[in-house]
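Please look over the sequence and the structure shown below, and then follow the explanation from one local detail outward to the chains as wholes.

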Amino acid sequence: MTELLRASGLVKDYSVPKTTGWFGSQSVRALKGVGLQVAEGETVAVVGESGSGKSTLGRSLLWLDPPDAGDVVFAGQSLRGLGASQLRRLRRDLQMVFQDPYASLDPRMNVGGIVTENLAVHESLKGPALQDAAVRLLEAVGLQADMAQRLPHEFSGGQRQRIAIARAVATRPRLLVADEPVSALDLELQGQILDLLRTLRAQMNMAVVFITHDLRLVRGFCSRAVVMKDAEVVEEGPVDRVFSRPAHPYTRELMDAILPLPLARGARVRGGEP
Amino acid sequence: MGRPRFWQGATLACGACLALLALAALLAPWVAPANPDAIDVLHSFGRPGPGQWLGRDELGRDVLSRLLYGARVSLGVGLSAALGMTLLGALLGALAGYVGGWLDGLIMRSADVLMCIPGVYLILALMVVLGPSLVNVVLVIVATGWTGLARLVRAEVLSLKGRDFVLAARASGATPARVLLRHVLPNAMAPVYVSLTFGVAGAILMESSLSFLGLGVQPPTASWGSILNSGRESMAQAWWLTVFPGLAIFAVMMAVNLLGEAARRHFNPREPW
Amino acid sequence: MSLLEVAGLSVAFGAAPPVVDQVSFSLEAGQSLGLLGASGSGKSLTALAVMGLLPAGAAVTGGRLSFEGEDLLAMDPGARRLLRGGDMGLVFQEPFTALNPLMRVGDQISESLRLHQGLDAAAARRGAAEALERVGLDPGPERARQYPHQFSGGMRQRALLAMALAGRPRLLIADEPTTALDSTVQAQVLALLRRLQGELGFALLIISHDLAVIHALAPRALVMDHGAVAEQGDVAGLLNSPASAAARRLMRAYAALEGAAAERGNP
């Protein structure tokens, strides 16, 4: 498989207010020299807990929050070296789905406008062409065409996340970073959204970087896993190997924390409604 | 539910009143019963009655006509000053919040300096320097009044900058201008509507005060404030010279405030109405 | 006599269709029961109804609620309020908002102790420190002096548990207690709950949309869907042979996760 993205030596510091004392801020290192490679069409899981730096990594990969050191090379181009407008043009191929479905959609734009924003920016679509595109995108994620005129607050969390996905895939990006896309949803909905992502990924041969803290979701969706702790990568490898023979103690800790279920051997749950 | 419907009706009434007033002001030359500058000393301090519905002032001029012509001044000043102040404040506040850095520092420190000087004194001083004229009144109100809204808009923009949907807009490759105009500003409009409406009310009041003090319109031009000014000394015997202009100012301010409240609620996508 | 008896409970907002529809279950002293359902299935409202904490506009429209034989709905509001935080404890989902950011953690627990156990200030302070140590927040006195923002999510949830348990409840209701937490912290908090239940002997009603969380704490569960109980039974039975359509829908999600679960904890 050809390499699509290579990140190396990413370092990112944030300054946060001190938790003790009156004034002053302290520096927190969110990434300590992190590297990552993603091949065309590959699905990579970035697993870690709060504070591991995984979300910062996601934003750095897209150069949304440029790292203080290190570089990301996407399709042969160094993102650090790009000028502002070149970077903007590249964004059609580098998209993101955010964690909070209640905050990632502009509350004042109707849903049709939201999903076609990328098309309006990159392909200058207008008027009827834009409306057709909106309908196409909404239907691709399992929503109805007549929802295009509605505002985000009229939709449930699961529906909003579908809208966010529609927005992200509108320009058929080559890489999608999904930052905890289902963490805010019920388990039942999580499966549905992941199914949707799987389908879209296959249709578009899109590479996906799937950031999550819930290991249970990784196996069915990703082929490679990268484990992060305290702003560093502690383990990486094919998902099956990482799950069955974790090398790093922290990875083992994460595996042990997966809550067991009393699944009977060979049990098959008969399907209800789709 | 009763309450929302009440507010809807009251707001429509306010809007209608203001529209009527504006219309009457525009059509003053045709609607006014008399020439507002026509001096008729024989009828000075005429009581309100047929032919002089709101009475006459000390020079016998018809108060109703003067109020109608004066509405042009007061409403004109009010609206243009408020619009200018709001546009300037919103623009500077948004730039300061979104661009940050040295621009933010420059704009906010200028605002701080202006806000340190008590508003009324500053305006008076400027008017004395520039000389009394309506244009100067508008300019001075705009130059001193933009700071409050700038602060509020900057705060809204700063908090919006960190929201996911703004990040998503940047992630879509939109230019900073597009992100600011299409996503950030529309969501930061709440203080703008409030500023606009209070601004109109405040500007009318400020113009009235300035005219009252002789620093606004010059005689014989009528404005609600100047009518109030001349009626000041004769309040005891000619109450109509202060009551009617005062009521007019009050009515417009009330109507504009209610409309502003309605606009704020209408444009908030979450409140049902 | 069961500790908690819920019979035909219905809750509605005004004249709208009921959001909790004829729900019945009972809980014995020291036992654990799960309430499983998606958002909007009515599981949280059921818990709130039991605690007497229904939001404005919602009311119990039918059924019986009794605690230790006493009718909760007929109870004097003052007496019901004393039960809350005392014999009946509630732990919510959001550890970030359930603690007063302006009060030291120890003070919030002491408040509860003074109210429910009538302790004086000094005894309440000691009690608060002990409560914090019991949930693994050592050293108690130092932790008690800290503010919520100095605690991590998991620590705050432990503090909330300490607060709920300070009143020595006979019944603890935990509504999605670990949903906002990282997986390792989740495992720790659930283990803590199990241990505390063993030590203190309270009955536990665990509410979640995740069957794995319920399985960690309770042998049996109710499946709620659109306000009604779709199915009841032991967790393994619900997972492997769900009878109702609602339960089948919920369990399909686990079939997908089968891979990961089968590798790890299948006894």
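In this model, which is predicted, a good place to begin is chain C, where strand β9 of chain C, covering residues 220-225, pairs in the antiparallel sense with strand β10 of chain C, covering residues 228-234, over 6 bridges. Where the two strands face each other, D225(C) stands opposite A228(C), a residue of β10(C). The hairpin that β9(C) and β10(C) form has 2 residues between the strands, and H226(C) in this hairpin takes a positive phi near 50°. As a general point, the side chains of a regular strand alternate between the two faces of the sheet.

From this hairpin the view can widen to the way the chains meet. There are 2 pairs of chains that touch, and of these the pair made by chains A and C has the most contacts. Chain B and chain C, by contrast, are joined by no contact, and their closest C-alpha atoms lie 14 Å apart.

Chain B itself deserves a separate look. This chain has 11 helices and 0 strands, so that, read from the N terminus on, its elements run α-α-α-α-α-α-α-α-α-α-α. The C-alpha trace of chain B spans about 75 × 50 × 30 Å along its principal axes, and of the 273 residues in chain B, 44% are buried. When the contacts in chain B between residues at least 6 apart in sequence are considered, 69% of them join residues that are at least 24 apart.

Terms used:
Residues are numbered from 1 along each chain as its sequence is written. Chains are lettered from A and ligands numbered from 1 in the order in which they are written. This is a predicted model: local features need pLDDT of at least 70, side-chain atom pairs count only at pLDDT 80 or more; totals for chains, interfaces and linings use all residues. Helices (H or I, at least four residues) and strands (E, at least two) are DSSP runs, numbered from the N terminus. A residue is buried if 20 or more other C-beta atoms lie within 10 Å of its own, exposed if 12 or fewer, and partly exposed in between; C-beta atoms are placed from the backbone. Two residues are in contact if their C-beta atoms, placed from the backbone, lie within 7 Å. Two strands pair if DSSP finds at least two bridges between them.
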